[in-house]
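Me: I would like to learn how the words used for a protein model are justified. Could we go through this one together?

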Amino acid sequence: MTFATLGLIEPLLRALETLGYQTPTPVQAQAIPAVLAGRDLMAAAQTGTGKTAGFAVPLLQLLTMEGPKVAANSARALILCPTRELAEQVHASVAEYAQNLPLTTYAVYGGVSINPQMMKLRKGVDILVATPGRLIDLFRQNALKLNQLQTLVLDEADRMLDLGFSEELANIYRMLPKKRQTLLFSATFSDEIRTLAGQMLNDPLSIEVSPRNVAANTVKQWVVPVDKKRKPELFVHLMRKGRWKQVLVFAKTRNGVDALVDKLQGLGINADGIHGDKPQATRQRALDRFKSSEVQILVATDVAARGLDIEDLPLVVNFDLPIVAEDYIHRIGRTGRAGNTGEAISLVCADEVNMLSAIEMLTRQTLNRHMEQDFEPEHRVPDTDASGQVVKKPKKPKKPKTSGGGGKRNLGKWVDSGEVAPAEPSIKPVRKVPVFNTGPRKKK
Ligand code: AMP
């Protein structure tokens, strides 16, 4: 199958050729004819499957072939995205696909001044990419009217709901013309997504493509059990030992991102972080510098990194496991792209055993565990498998405390080269001198 056989017009075929797209991906092969035929779409597909071209290319064709010229302060197609980064990325792709067409495209999102966006919208744009909150602001300030809207695309709909945008989506829904085409893309289909689809879609065609990587198995995945407080130290150890060059690291919280970046920078490691508290320009700069290999380690939260397309990333590290198991698939989907092999390493502590079990169940595989010498956890990570079982072994009775001397000490010395000097044979490594925060656990 070729793009030409899908019925695409010459300017689009030329753009795809310039981009080096030779054959349609499965989601494109299904979505392009359906969108061209005016159908609503409910597609289970995530980043990396080529879904952006799947909706954007036929949409550009429809906008070129049909409908009136865009009016002032109007948009003819709206693509809603959960995050600013994704809005930027989708917009960049749309602009590339539209390079030979007389159509206008623009992206709006929060975290930056609204005035330039209002100015830009004055003449109207054919395709507007937007995050929900900023779209509503622009609508309420009369900078945008939606009565000319032909097509609505909900990209990463599950993530929009995860981020608490359900109220915004309901508001946007009320602003839309009743007669329109709606395309919904989501990595997962929860009951909430199905309800949303039921309200917004009209006799949709369902498309499903299997999650990349997990099915394709191009990503070597493994787990290193470790005590929570020793994760930063283990990360640096593995980094030096494996001579990691470019790594995307996921941490659970914004504070977690900042703490790890500070730690790494303190050790002279070239690291930066992205999360929702940072201004958009800072986030984009960190991302651009990471893509151009100026930054070696990029630490991110799931929200900030969702959907980012970074080519040829060799390694993803889960410094913390994600709370939502599906996010694991999104995270490891950043590596092993386009047929390359990739690696995904998860540093897992005992607290995270249920998350590990949920991930194994979802991906239908038991992740290999690798015990790193001298980092064996004091708090054992119970065994897990793809059945969802967590095998808790009975606790061993505690040994009576010895007075004075502060207990046993691990004599295995951790050295910067990544080598671990052996512990004295008669003394088993039990505990290292605490280096990282051992204070009371804060409630999150
Ligand atoms: P997406 O899932 O839309 O984020 O796309 C993932 C990556 O695949 C992007 O870098 C696209 O440029 C690329 N891509 C999309 N469709 C094709 C295709 N048919 N052939 C080659 N690359 C593609």
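Reply: Happily! In this predicted model, one open sheet has 7 strands in the order E3-E4-E2-E5-E6-E1-E7, and the pairing is parallel.

Me: What makes strand E3 and strand E7 edge strands?

Reply: Look at their partners. Strand E3 (105-108) and strand E7 (205-208) each pair on one side only. From one strand to the next, the twist averages 15°.

Me: How do you know that E5 and E6 pair?

Reply: Two strands pair if there are at least two bridges between them. Strand E5 (residues 151-154) and strand E6 (residues 181-186) are joined by 4 bridges in the parallel sense, so the pairing rule of at least two bridges is met. Along this pair, Leu154 stands opposite Leu184 in E6. Helix H9 (residues 191-200) lies across strand E1 (41-44), E5 and E6, and runs at about 170° to E6.

Me: Which strands does E4 pair with, and over how many bridges?

Reply: Strand E2 (residues 75-80) pairs with E4 in the parallel sense over 5 bridges, and E3 runs parallel to E4 with 4 bridges joining them. Ile79 stands opposite Val129 in E4, while Thr105 stands opposite Ile127 in E4. To get from E3 to E4 the chain passes through helix H5 (residues 115-121), and this β-α-β crossover is right-handed.

Me: Why is the crossover called right-handed?

Reply: Picture the strands pointing away from you: the path from the first strand over the helix to the second runs clockwise, so the name is right-handed.

Me: Why is E4 called mostly covered?

Reply: Count its buried residues. Strand E4 (residues 125-130) has 6 of its 6 residues buried. The word buried is used because a residue has under 20% relative accessible area.

Me: What is the order of the other open sheet, and what makes E10 and E14 its edges?

Reply: This sheet also has 7 strands, in the order E10-E11-E9-E12-E13-E8-E14, with parallel pairing. Strand E10 (271-274) and strand E14 (368-369) each have a single partner strand, so one side of each has no neighbour in the sheet. Helix H14 (residues 325-332) packs on the sheet and touches E8, strand E9 (247-250), strand E12 (315-318) and strand E13 (342-348). The direction of H14 makes about 155° with that of E12.

Me: How do you know that E8 and E14 pair?

Reply: Strand E8 (residues 219-225) and E14 share 2 bridges in the parallel sense. The rule asks for at least two, so the two strands count as paired. Here Trp222 stands opposite Asn368 in E14.

Me: Val223 lies in strand E8 too. Is Val223 buried or exposed?

Reply: The relative accessible area of Val223 is 2%. Buried means under 20%, so Val223 is buried. Beyond its neighbours within four places in sequence, Val223 is in contact with several residues, among them Ser346, Leu356 and His370. Val223 and Ala344 are 121 residues apart in sequence and 8.5 Å apart in space, C-alpha to C-alpha.

Me: What makes helix H10 mostly covered?

Reply: In helix H10 (residues 231-241), 9 of the 11 residues are buried. Among them are Lys231, Phe235 and Met239. The buried residues of H10 pack against E8, E9, helix H11 (254-266), strand E11 (297-300), E12 and E13. Just after H10, Arg243 takes a positive phi of about 45°.

Me: Why is the pair of Phe235 and Trp244 called edge-to-face?

Reply: There are two checks. The centres are 5.5 Å apart and the planes stand at 70°. Centres within 6.5 Å make a pair and planes over 60 degrees apart count as edge-to-face, so the name fits. Both Phe235 and Trp244 are buried.

Me: How does the pair of Phe235 and Phe319 compare with those cut-offs?

Reply: The ring centres of Phe235 and Phe319 are 6.4 Å apart and the planes are at 70°, so this pair is edge-to-face. Phe235 is in helix H10 and Phe319 is in the loop between E12 and H14, so the pair ties together parts 84 residues apart in sequence. Phe235, Trp244 and Phe319 form one aromatic cluster.

Me: How far is the charged end of Lys231 from the centre of the ring of Phe319?

Reply: The distance is 5.9 Å, and the charged end of Lys231 sits over that ring.

Notes:
Residues are numbered from 1 along each chain as its sequence is written. This is a predicted model: local features need pLDDT of at least 70, side-chain atom pairs count only at pLDDT 80 or more; totals for chains, interfaces and linings use all residues. Side-chain values use heavy atoms; hydrogens and water are left out. Contact means heavy atoms within 4.5 Å. Axes are lines fitted to C-alpha atoms, for helices over the stretch in contact, and angles run from 0 to 180 degrees between N-to-C directions. Buried means under 20% relative accessible area, exposed over 50%, partly exposed in between (1.4 Å probe, protein chains only). Rings of Phe, Tyr and Trp (its six-membered ring) pair if their centres lie within 6.5 Å; planes under 30 degrees apart count as stacked, over 60 as edge-to-face and the rest as tilted. A charge sits over a ring if NZ of Lys or CZ of Arg is within 6 Å of the ring centre and within 35 degrees of the ring normal.
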